[in-house]
Amino acid sequence: MRLKTFPGGVHPPDEKKYSASMPITEAPIPQKVAIHLSQHIGSPSKPIVAVGDEVLTGQKIAEATGFVSLCQHSSISGKVTAIDRYPNATGSSSLAIQITGDGADKWIELVDEQNFMDLPLEEMKKRIGDAGICGMGGAGFPTLVKLSPPADKPIDTVILNGVECEPYLTSDHRLMLEKGEEILQGLKLIMKILSAKKGMIGIEANKPDAIEKMRLLTKNEPNIEVVTLKLRYPQGAEKQLIYAATKRKVPAGGLPLEIGVVVQNVGTAFAIYEAIRYKKPLIQRIITVTGSPVVKPQNLLARIGTPFSELVDFCGGTKEEIGKAICGGPMMGFALPSLAATMGKGSGGLVLLDKETARLNEEGNCLRCARCVDVCPLNLVPCMIVSAVKYDNQKLAVSSGLNDCMKCGACAYVCPAQIRLVQYIDNGKIRYAEAKK
Amino acid sequence: MQDKYIVSPAPHFHDKTTTKNVMWNVVLALIPALIFAVYYWGIKSLLLTLLGAVSAMVTEALIQKLRKVPITVSDGSAFLTGMLLAYNINAGAPWWIPVLGAAFAIAIGKQVFGGLGNNPVNPALLGRAFLMASWPTIMTAGWAKPKGGILSGITDPNVIAVNLQSLSPKAYDLVTGATPLKVAQTLRDSSFVSSLSANAGQGVEVANRIFTNLTDLSALKNLFWGNIGGCLGEVSVFAILLGAAYLLYKNIIEWRIPLFYIGTVFVLSFFLAPLKGSGFSPLLPFFHIFSGGLMLGAFFMATDYTTTPITKSGRIIFAIGCGILTVVIRLYGGYPEGVCYSILFMNVLTPLIDKFTMPKAFGRVKK
């Protein structure tokens with residue numbers, strides 16, 4: 001049988017060998033955390049604690065400031081020591097609440113709702129909002145927003161994203177293997193909230209054990225289907241996943257809910273399950289710490305706000321010089337200037353590259369070879385957008401697809417002239433967004 | 001934490017393909033043809049090729065020095081242009097022909113437009129057009145005889161040695177002195193045909209006989225393996241296909257352009273090529289796709305990245321256009337061969353083709 005996929009795309013080496021077989025291990029509770037106020041798409045959270053306040057593990061320390069926003073919780077118990085700028089997971093710095101732990105890890109009170117499936121929908125949504133859950137695949141869109149579609153847009157299908165098409169990362173893979181049952185509960189909760197009839201779990205073909213596991217769990221679930229997807233980047237991009245699984249196309253510039261679909265990451269589904277059943281806020285997640293310089297690559301269950309340096313130390317440190325440190329995967333992740341930054345809700349991986357792999361190549365002239373055109377999953381003309389941006393031709397840039405681009409990086413990956421297409425496109429997006437104002 | 005790592009925008013991974021290895025791989029793919037050329041026409045083939053390549057590299061380096069831009073001759077693109085230019089001349093040409101041609105190709109065909117990636121037409125073909133216009137006799141006569149064969153590739157001894165010589169010395173000269181395509185073109189000229197013999201009817205008969213022999217299986221075999229007269233790169237279909245297979249396998253060239261180009265020539269020549277009175281021959285389309293520069297052009301020239309459309313449908317339109325023009329020039333034009341000018345012409349149309357074949361973005365509905 002031919003595996004489902006989308007048109008275009010690339011096939012980078014998957015490099016999952018480092019950590020795919022490593023079971024999820026709990027990382028030690030950090031001495032100090034920095035919880036960023038902006039770990040998501042939308043307006044930053046507003047602190048509700050002051051320097052000197054004592055906080056418990058799981059206590060809400062910052063509030064959402066609107067519909068598209070998120071609340072934040074302390075991931076350790078201790079004292080608030082500063083609310084200041086701190087290096088973040090995108091390679092820059094932003095406001096964060098810094099907490100020094102008391103070593104006791106005293107939790108807020110959790111519940112264990114036996115009949116969590118029968119809770120009123122409003123209560124379910126409230127618990128998701130209170131838990132501060134955003135999409136855990138990387139983009140960090142507040143989950144509650146996705147679960148509140150307008151009344152005139154009925155949702156019939158929920159797709160769980162277990163594709164994990166970024167090279168190196170194995171956190172979703174391990175989560176499916178070890179917490180498959182909980183993920184399935186999460187999916188059912190999402191389907192219930194949206195009153196969607198069909199559930200799908202999309203997994204790339206390089207994770208046969210996870211596919212088998214989820215198939216086994218859904219054997220008696222006639223309306224939930226596990227979809228095996230071809231190994232191809234960016235298979236896990238929302239629009240590509242929806243197309244591969246359902247053959248429906250999200251309109252350009254539109255949202256999946258317009259075609260009756262909602263996509264959630266498997267990690268998000270797990271967090272939703274924990275939030276609704278235990279009222280547990282999102283204060284920890286699975287992060288893959290990997291790459292050839294890491295002594296013992298692992299999948300860690302770590303607290304949000306843990307400095308990356310501590311995670312690397314827990315993995316035995318490094319055995320060769322680090323060329324680049326990436327939060328997320330190598331295709332769309334952010335390069336970090338140092339390991340001082342702290343992990344956020346969207347940090348699925350910390351990938352260290354050696355000097356040779358990290359080396360930047362000199363940019364040459366565009367050959368018009370059209371490799372970028374051939375691989376673009378959104379059917380754009382990347383080289384044309386880039387030259388339009390270079391020569392400041394806004395009209396041509398937009399007509400070649402500037403605003404459609406999701407910055408997956410497939411074009412820059414294949415460019416023989418080493419042109420950093422995504423960088424130019426990003427510049428264009430920023431420049432012309434400013435021009436519009 | 002003093003560590004400072006490299007910070008750059010995503011993606012942080014890159015495919016191994018670079019401009020440099022694309023160019024040198026194409027050079028590598030052209031080597032089989034060079035080996036065949038040396039075998040049939042002697043070591044001079046190699047010398048001419050090297051002269052072309054070196055002249056191209058020197059010209060590029062000089063101009064880049066004058067322009068005060070980084071010198072990039074090591075990327076192999078100039079070497080490739082010089083090599084392709086040399087493949088467009090015959091082994092009998094004097095040494096300065098590839099030198100001048102390659103220098104023109106690089107200077108006027110490429111560097112004046114800003115170098116790699118900015119040239120509107122294929123520089124090697126422009127260089128060839130320049131040589132054709134400036135020294136037409138050198139470019140179209142004085143063909144080097146292949147080792148153990150004759151220029152036209154006709155092998156039937158009956159036709160050549162005995163009958164033709166006694167029957168019509170003029171026909172004998174034609175068959176032994178010109179490339180297969182030139183013979184085919186000349187035979188289409190009715191005044192030539194009637195001059196073949198005092199008896200008009202016999203002239204036509206001789207012409208038909210030569211034509212049949214030109215396009216029969218043994219002649220095709222010669223075209224395939226390279227026992228004919230022609231330019232260096234036209235030597236053998238087999239050698240070109242070998243290189244082309246490598247490039248296709250390496251994903252350096254794409255199948256659309258060669259397939260539609262050669263396919264168009266095949267189909268059109270089936271209907272248009274038969275000589276008056278000679279009737280349809282199933283082998284005739286093979287004669288047209290095997291002879292001249294079509295194979296070299298379709299796999300190595302019309303697939304040039306810079307001068308061909310970037311859209312998939314655009315490439316097909318480009319290739320079909322090349323095919324139609326090639327057949328039209330060969331059958332109705334003043335030149336025996338039309339590959340060079342067809343590709344040049346379609347190169348110029350490329351921006352227009354691109355403009356009208358822009359793909360529709362994923363999820364976008366036509367307004």
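This report walks through a few strands and a helix of chain A, then the overall build of chain B.

The model is predicted, so to speak of local features a pLDDT of at least 70 is needed, side-chain atom pairs count only at pLDDT 80 or more, and totals for chains, interfaces and linings use all residues. Residues are numbered from 1 along each chain as its sequence is written, while chains are lettered from A and ligands numbered from 1 in the order in which they are written.

**Strands of chain A**

Helices (H or I, at least four residues) and strands (E, at least two) are DSSP runs, numbered from the N terminus. Two strands count as paired if DSSP finds at least two bridges between them. Here are three such pairings.

| Strands of chain A | Sense | Bridges | Facing residues |
|---|---|---|---|
| 1 (residues 24–26) and 14 | parallel | 3 | Ile24(A) and Asn299(A) |
| 13 (residues 284–290) and 14 | antiparallel | 6 | Ile287(A) and Leu300(A) |
| 3 and 5 (residues 60–63) | antiparallel | 2 | Pro47(A) and Ala62(A) |

Strand 14 (residues 298–303) of chain A is mostly covered, with 5 of its 6 residues buried. Buried means that 20 or more other C-beta atoms lie within 10 Å of the residue's own; exposed means 12 or fewer, partly exposed is in between, and C-beta atoms are placed from the backbone.

The last row of the table belongs to an open, antiparallel sheet of 3 strands in chain A, ordered 3-5-6. Strand 3 (46–47) and strand 6 (72–73) of chain A sit at the edges with a single partner strand each, so one side of each has no neighbour in the sheet.

**Helix 4 of chain A**

In helix 4 (residues 208–217) of chain A, the buried residues are Ala210(A), Ile211(A) and Met214(A). They span an arc of only 100 degrees around the axis, which puts them on the same side of helix 4 of chain A; the arc is that of the directions from the helix axis to the C-beta atoms. Over on the other side, Pro208(A), Asp209(A) and Leu216(A) are exposed. The cover on the buried residues includes strand 9 (157–162), helix 3 (171–194), strand 10 (198–204) and strand 11 (224–229) of chain A.

**Chain B**

Chain B has 18 helices and 0 strands. Its radius of gyration is 22 Å, close to the 21 Å that the globule rule gives for 367 residues, so chain B is as compact as a globular protein of that length. That radius is taken over C-alpha atoms, and the rule is 2.2 Å times the number of residues to the power 0.38. Of the 367 residues of chain B, 53% count as buried.

Definitions and conventions
Two residues are in contact if their C-beta atoms, placed from the backbone, lie within 7 Å.
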